[in-house]
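The following exercises concern helix packing, cysteines and backbone geometry. Please work through each task before reading its solution.

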Amino acid sequence: MSVVNDVTRFVDGCVQGVEYFYNCRFDRDALDFSRVTAHLRLFTQRVFQGKQEQENDTHDEVFRALIARNCSEHYKCACCIAEYVRNTWHKELSDEEPVFLTIHLKRIRMGK
(Lines give C-alpha, C1' and ligand atoms only; values in the text may rest on other atoms or scores of the structure.)
Protein backbone atom coordinates (compact mmCIF):
# COMPACT_ATOMS: atom_id res chain seq x y z
CA MET A 1 0.00 0.00 0.00
CA SER A 2 2.87 2.40 0.66
CA VAL A 3 4.00 2.01 -2.97
CA VAL A 4 0.56 3.14 -4.16
CA ASN A 5 0.77 6.12 -1.79
CA ASP A 6 4.26 6.98 -3.05
CA VAL A 7 3.15 6.81 -6.68
CA THR A 8 0.14 9.02 -5.94
CA ARG A 9 2.27 11.55 -4.04
CA PHE A 10 4.91 11.49 -6.78
CA VAL A 11 2.39 12.13 -9.58
CA ASP A 12 0.50 14.76 -7.55
CA GLY A 13 3.77 16.55 -6.77
CA CYS A 14 4.74 16.58 -10.44
CA VAL A 15 1.30 17.89 -11.47
CA GLN A 16 1.46 20.62 -8.81
CA GLY A 17 4.92 21.58 -10.06
CA VAL A 18 3.69 21.79 -13.64
CA GLU A 19 0.66 23.88 -12.66
CA TYR A 20 2.87 26.17 -10.59
CA PHE A 21 5.37 26.54 -13.45
CA TYR A 22 2.68 27.46 -15.98
CA ASN A 23 0.63 29.38 -13.40
CA CYS A 24 -2.59 27.61 -14.32
CA ARG A 25 -4.84 24.77 -13.30
CA PHE A 26 -5.44 22.01 -15.82
CA ASP A 27 -8.78 20.51 -16.68
CA ARG A 28 -8.65 17.12 -14.95
CA ASP A 29 -11.20 15.74 -17.43
CA ALA A 30 -9.22 16.68 -20.56
CA LEU A 31 -7.68 13.96 -22.69
CA ASP A 32 -4.28 15.67 -22.76
CA PHE A 33 -4.26 15.80 -18.95
CA SER A 34 -5.01 12.06 -18.84
CA ARG A 35 -2.10 11.47 -21.22
CA VAL A 36 0.26 13.47 -19.02
CA THR A 37 -0.79 11.67 -15.85
CA ALA A 38 -0.50 8.29 -17.60
CA HIS A 39 3.03 9.25 -18.67
CA LEU A 40 3.80 10.38 -15.11
CA ARG A 41 2.61 7.05 -13.67
CA LEU A 42 4.85 5.13 -16.08
CA PHE A 43 7.63 7.61 -15.41
CA THR A 44 7.18 6.98 -11.67
CA GLN A 45 7.46 3.23 -12.15
CA ARG A 46 10.68 3.63 -14.15
CA VAL A 47 12.18 5.99 -11.56
CA PHE A 48 11.26 3.80 -8.57
CA GLN A 49 12.42 0.61 -10.28
CA GLY A 50 15.62 2.20 -11.59
CA LYS A 51 14.67 1.29 -15.17
CA GLN A 52 14.78 4.66 -16.86
CA GLU A 53 15.15 5.11 -20.58
CA GLN A 54 18.84 5.15 -21.47
CA GLU A 55 20.17 5.90 -24.93
CA ASN A 56 23.71 7.01 -25.61
CA ASP A 57 23.40 7.37 -29.36
CA THR A 58 24.75 10.55 -31.01
CA HIS A 59 21.43 10.96 -32.81
CA ASP A 60 19.65 10.97 -29.46
CA GLU A 61 21.90 13.76 -28.22
CA VAL A 62 21.03 15.80 -31.30
CA PHE A 63 17.33 15.07 -30.75
CA ARG A 64 17.56 16.10 -27.07
CA ALA A 65 19.25 19.36 -28.07
CA LEU A 66 16.60 20.00 -30.73
CA ILE A 67 13.75 19.46 -28.26
CA ALA A 68 15.46 21.59 -25.60
CA ARG A 69 15.96 24.43 -28.09
CA ASN A 70 12.61 24.32 -29.90
CA CYS A 71 10.46 23.64 -26.83
CA SER A 72 12.53 25.62 -24.37
CA GLU A 73 9.68 26.65 -22.05
CA HIS A 74 8.39 23.08 -21.76
CA TYR A 75 11.89 21.66 -21.44
CA LYS A 76 12.57 24.11 -18.61
CA CYS A 77 9.41 22.87 -16.87
CA ALA A 78 10.58 19.26 -17.34
CA CYS A 79 13.93 20.21 -15.78
CA CYS A 80 12.04 21.72 -12.82
CA ILE A 81 10.24 18.39 -12.42
CA ALA A 82 13.62 16.63 -12.54
CA GLU A 83 14.81 18.97 -9.78
CA TYR A 84 11.69 18.16 -7.72
CA VAL A 85 12.40 14.43 -8.14
CA ARG A 86 16.05 14.94 -7.16
CA ASN A 87 15.27 17.04 -4.09
CA THR A 88 12.15 15.26 -2.84
CA TRP A 89 12.67 11.64 -3.88
CA HIS A 90 16.50 11.59 -4.11
CA LYS A 91 16.40 10.06 -7.59
CA GLU A 92 18.38 11.15 -10.63
CA LEU A 93 16.73 11.13 -14.03
CA SER A 94 18.28 9.95 -17.25
CA ASP A 95 18.78 12.53 -20.00
CA GLU A 96 15.87 11.03 -21.94
CA GLU A 97 13.18 11.40 -19.27
CA PRO A 98 12.95 15.23 -19.48
CA VAL A 99 12.67 14.94 -23.28
CA PHE A 100 9.69 12.59 -23.03
CA LEU A 101 8.11 14.80 -20.40
CA THR A 102 8.70 17.89 -22.56
CA ILE A 103 6.68 16.41 -25.39
CA HIS A 104 3.74 15.69 -23.08
CA LEU A 105 3.97 19.14 -21.51
CA LYS A 106 3.88 20.78 -24.92
CA ARG A 107 0.74 18.81 -25.75
CA ILE A 108 -1.06 19.76 -22.56
CA ARG A 109 -0.17 23.43 -23.05
CA MET A 110 -1.44 23.36 -26.64
CA GLY A 111 -4.77 22.17 -25.26
CA LYS A 112 -5.00 25.18 -22.94
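## Exercise 1: Cysteines

Cys 24 is buried, its relative accessible area being 18%, where buried means under 20% relative accessible area, exposed over 50% and partly exposed in between, with a 1.4 Å probe and protein chains only. Cys 24 is placed in the loop between α1 and α2; helices are DSSP runs of H or I with at least four residues, strands are runs of E with at least two, and both are numbered from the N terminus. The C-alpha atoms of Cys 24 and Tyr 75 are 17 Å apart, with these positions 51 residues apart along the chain.

The model is predicted: local features need pLDDT of at least 70, side-chain atom pairs count only at pLDDT 80 or more, and totals for chains, interfaces and linings use all residues. Residues are numbered from 1 along each chain as its sequence is written, and side-chain values use heavy atoms, with hydrogens and water left out.

**Task.** Determine how many disulfides the whole structure contains, and explain why Cys 14 is not bonded to the closest cysteine sulfur.

**Solution.**

Step 1. A disulfide is a covalent bond between the sulfur atoms of two cysteines. The criterion applied here is a pair of cysteine sulfur atoms within 2.5 Å.

Step 2. A search of the whole structure returns zero disulfides.

Step 3. For Cys 14, the closest cysteine sulfur belongs to Cys 77 at 9.5 Å, which is too far for a bond. Cys 77 is likewise in no disulfide, the nearest cysteine sulfur being that of Cys 80, 6.2 Å away.

Step 4. Cys 14 is buried, at a relative accessible area of 0%. Cys 77 is also buried, with a value of 0%.

## Exercise 2: The contact of α1 with α2

**Task.** State at what angle α1 and α2 pack, and identify which residues meet.

**Solution.**

Step 1. Helix α1 (residues 2-22) packs against helix α2 (residues 31-49) at about 125 degrees, the axes being 10 Å apart. Axes are lines fitted to C-alpha atoms, for helices over the stretch in contact, and angles run from 0 to 180 degrees between N-to-C directions.

Step 2. This angle makes α1 oblique to α2. Angles under 35 degrees count as roughly parallel, over 145 as roughly antiparallel, 65 to 115 as roughly perpendicular, and the rest as oblique.

Step 3. α1 and α2 form a right-handed crossing; a crossing is right-handed if the near helix is turned clockwise from the far one by less than a right angle, and left-handed if anticlockwise.

Step 4. From α1, Asp 6, Val 7, Phe 10, Val 11, Cys 14 and Val 15 meet Phe 33, Thr 37, Leu 40, Arg 41, Phe 43, Thr 44 and Phe 48 of α2. Contact means heavy atoms within 4.5 Å.

Step 5. By class, the residues of this contact are nine nonpolar, two polar and two charged. Ala, Val, Leu, Ile, Met, Phe, Trp, Tyr, Cys and Pro count as nonpolar, Asp, Glu, Lys and Arg as charged, and the others, Gly among them, as polar.

## Exercise 3: The contacts of α5

**Task.** Establish how α5 is oriented towards α2 and towards α4.

**Solution.**

Step 1. The axes of α2 and α5 come within 9 Å and cross at roughly 165 degrees. The two helices are therefore roughly antiparallel, and their crossing is left-handed.

Step 2. The contact of α2 with α5 has seven nonpolar, two polar and five charged residues. One of the α5 residues, Arg 107, touches Asp 32 and Arg 35, not counting residues up to four places away in sequence. Arg 107 is partly exposed, at 42% relative accessible area.

Step 3. Helix α4 (residues 72-89) and helix α5 (residues 96-110) have axes that come within 8 Å and cross at roughly 125 degrees. That makes α4 oblique to α5, and the crossing is right-handed.

Step 4. His 74, in helix α4, is buried at 11% relative accessibility. Apart from neighbours within four places in sequence, His 74 contacts Tyr 22, Thr 102, Leu 105, Lys 106 and Arg 109.

## Exercise 4: Positive phi

**Task.** Examine phi at Asn 23 and at His 90, and decide whether each residue is buried or exposed.

**Solution.**

Step 1. Most residues other than glycine have a negative phi.

Step 2. Asn 23 has a positive phi near 55 degrees. Asn 23 lies in the loop between α1 and α2 and is exposed, at 70% relative accessibility.

Step 3. His 90 also has a positive phi, near 55 degrees. His 90 is in the loop between α4 and α5 and is exposed, with a relative accessible area of 65%.
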